[in-house]
Structures are given as C-alpha cells and as structure tokens.
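Dear colleague,

I am passing on the structure below, together with notes on what was found in it. Please read the notes with the model open beside them.

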Amino acid sequence: MADRKVHFLLHVPKCAGTSVEHHFSKHLGSKFLLAPRWRSPLREVVGNRFPGIEEKANLAKVAVVSGHSLSVSLKRHLSSTQIQESVLLRDPLSYLLSFYNYRWRRFEEGLDCRPPAFETWYAAQRKNPISRFMLNRYFGFGIPALYKMSSAQRLTYLEDRLANFHFVGGIERASELIAGISEELAISSKSNTMNVTKAKRFSSRDISPELKAKILDENALDRALYARWKDRGWSGAPAEAAPRLSRWDQPTYLVGDLRSGIAKRLIRNRREVQAKIHGTACQ
C-alpha cells in the first residue's frame with residue numbers, strides 16, 4: 001500500500017500550466033519539482049523519458065511534479081507512492097490563437113522575429129498538437145509508434161488513461177484544480193492567473209469562416225478530446241458521445257508532419273533573408 005501521494009500535473013502548452021506551476025512552486029518550495037528535460041537526440045524517436053536528477057533524495061519529499069517534460073517514466077523512481085495525475089485541456093482553435101499571440105509577444109519583447117500571417121503560421125503547425133503532446137511527452141510514444149496510431153486509436157488510448165486521472169477539465173477549470181489539490185496538500189488555495197500572452201494581437205474574429213472550419217476539421221481529435229473531457233472534473237465519464245474518428249488516417253499524420261516541416265523551413269528561410277536585408281540578428 002502506498003505510504004504517500006504525489007501529484008503529477010501534466011503541463012500541456014498553452015493550457016494554463018504556468019498558473020498551476022506558479023501556485024504550487026510558490027506554496028510548496030522544495031516539495032515542488034519542475035520535471036527536467038531529457039536532452040537526448042532520441043527523445044522524439046523513442047518518446048520522452050525522465051532523465052533523473054542529480055540529488056534523487058529530493059524525490060523523497062516531492063509532493064507535486066509538473067512541467068512540459070513530465071513523463072510517466074518518473075513513476076518507477078517513486079516506489080510505494082500513489083500517483084495522482086491531473087491535466088487541463090483546451091479546444092484547438094483557442095489553443096492555436098493563444099500560441100500565435102505568444103509568438104507576437106515574443107516579437108514585441110525583442111525575443112523573436114515578427115510572426116508571419118496566421119494562415120501561413122498555421123500551415124507550419126502539427127495537427128492535433130494537444131493529443132500528440134500527451135502521447136509523446138507524457139506517455140512516451142516515439143515517432144515511429146505515433147505514426148502507427150490512427151486518430152481513433154489515439155483517442156481510445158488517451159481516454160482509457162484519462163479515466164483514471166485524478167482531475168481532467170478544460171482550462172476554464174484551472175482555479176478548481178488548484179483549489180482542490182491545494183486543499184489536499186493543506187496549503188493556500190488562493191491562486192493568480194499567470195497569463196504569459198498578455199498582448200492579444202489576433203482573435204477568432206480575424207479568422208475567416210473557411211479557415212476556422214478547416215482548423216476544426218484538421219484537429220478533430222483534439223476537438224473531441226476537449227469536448228468530451230472539459231467538464232469531467234474530479235470523477236466521472238466523458239460528457240459527450242464518442243465521435244467517429246478515422247481508423248485509417250495514419251498516413252495523414254506522416255504527410256502532415258512533412259508538410260509542416262517544409263512550411264517551418266520556408267518561414268525560417270524568409271526570416272534569414274529579412275535579417276540580412278535589415279542587418280539584424282532576428283532569425
């Protein structure tokens with residue numbers, strides 16, 4: 001029987017993870033661990049792994065672990081421990097808008113080049129990025145394994161795991177997640193939103209109906225994941241009936257990743273040309 005609990009708070013990008021991490025880091029101190037990145041060229045091939053930390057004794061007092069690099073492989077370092085997993089999700093259109101505005105914020109702070117037009121930028125993004133992130137970074141699926149999974153298989157796998165999660169909900173329920181786990185840990189439940197994308201240069205009103213429809217169609221898996229689990233909370237089953245996703249679209253993911261890779265390269269080439277013309281280091 002487990003003699004203690006450790007909360008794994010999966011930080012999907014642009015899903016309120018910064019607010020969650022800030023709260024628990026502030027109130028737990030050394031009992032909060034930001035999972036270190038596994039800096040290996042094999043990470044994308046074999047899937048993310050927990051690389052270990054220099055002082056593994058720190059794991060003996062950890063109460064909450066979070067971060068983009070959190071992996072289920074950390075569980076084997078926490079024997080005799082009950083792991084409580086939680087995650088916040090987001091609809092794909094909102095996710096993409098937040099990500100795009102984040103790029104604008106980096107540009108305005110002088111940290112990156114000016115982003116291209118939204119449609120051009122979107123063409124360089126991988127499809128169904130939230131489910132992909134969860135499968136690759138948290139559950140440890142490498143690229144070859146991912147390309148063997150259809151959208152229907154990805155949804156089934158994720159939902160089988162989410163059914164055992166401590167908390168699952170949309171980003172709108174971030175405060176509820178923080179308050180509930182804080183109460184369990186006997187720390188302050190008062191939290192502050194840490195919105196890292198303060199400048200909203202682009203909104204859904206700026207996207208054509210045709211492009212919106214395309215985004216929703218191309219990210220049907222992430223849309224279904226959010227719609228079914230956004231209101232689940234601490235227990236229960238998905239709220240909506242399972243959609244009929246393709247069981248034979250594995251090649252679509254491979255072709256889509258190749259296209260996004262080419263689009264990223266073209267954007268990078270244009271940046272390099274602009275940098276040379278204007279004599280800047282923005283690349």
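In this predicted model, eight of the nine residues of strand 4 are buried, so strand 4 is largely enclosed by the rest of the structure; buried means under 20% relative accessible area, with exposed over 50% and partly exposed in between, for a 1.4 Å probe and protein chains only. Helices (H or I, at least four residues) and strands (E, at least two) are DSSP runs, numbered from the N terminus.

Strand 4 belongs to an open sheet of five strands in the order 2-3-1-4-5, with parallel pairing, where two strands pair if DSSP finds at least two bridges between them. The edge strands, each pairing on one side only, are strand 2 (32-34) and strand 5 (167-170), and neighbouring strands of the sheet are turned by 15° against each other on average, direction ignored. Strand 1 and strand 4 run parallel and are joined by seven bridges, with Gln 84 of strand 4 as the bridge partner of His 7. Four bridges join strand 4 to strand 5, again in parallel, and here Val 87 stands opposite Val 168 of strand 5. At the other edge, strand 2 pairs with strand 3 (residues 64-67) over three bridges in the parallel sense, Leu 34 standing opposite Ser 66.

Helix 5 (residues 129-138) packs on the sheet, touching strand 1 (4-10) and strand 4 (81-89), and its direction makes about 135° with that of strand 1; contact means heavy atoms within 4.5 Å, while axes are lines fitted to C-alpha atoms, for helices over the stretch in contact, and angles run from 0 to 180 degrees between N-to-C directions. Helix 5 also packs against helix 10 (residues 220-229) at an angle of about 80°, with the axes 7 Å apart. The contact involves Pro 129, Ile 130, Ser 131 and Met 134 of helix 5, and Leu 221, Asp 222 and Leu 225 of helix 10.

A nonpolar core is a set of buried Ala, Val, Leu, Ile, Met, Phe, Trp, Tyr and Cys residues joined through side-chain atoms within 4.5 Å. In the largest one, of 56 residues, Phe 8, Val 65, Leu 89, Phe 118 and Met 134 touch the most other members, and helix 3 (residues 92-108) gives the most to this core, with eight residues.

As to conventions, residues are numbered from 1 along each chain as its sequence is written, and side-chain values use heavy atoms, leaving out hydrogens and water. Local features need pLDDT of at least 70 and side-chain atom pairs count only at pLDDT 80 or more, whereas totals for chains, interfaces and linings use all residues.

Best regards
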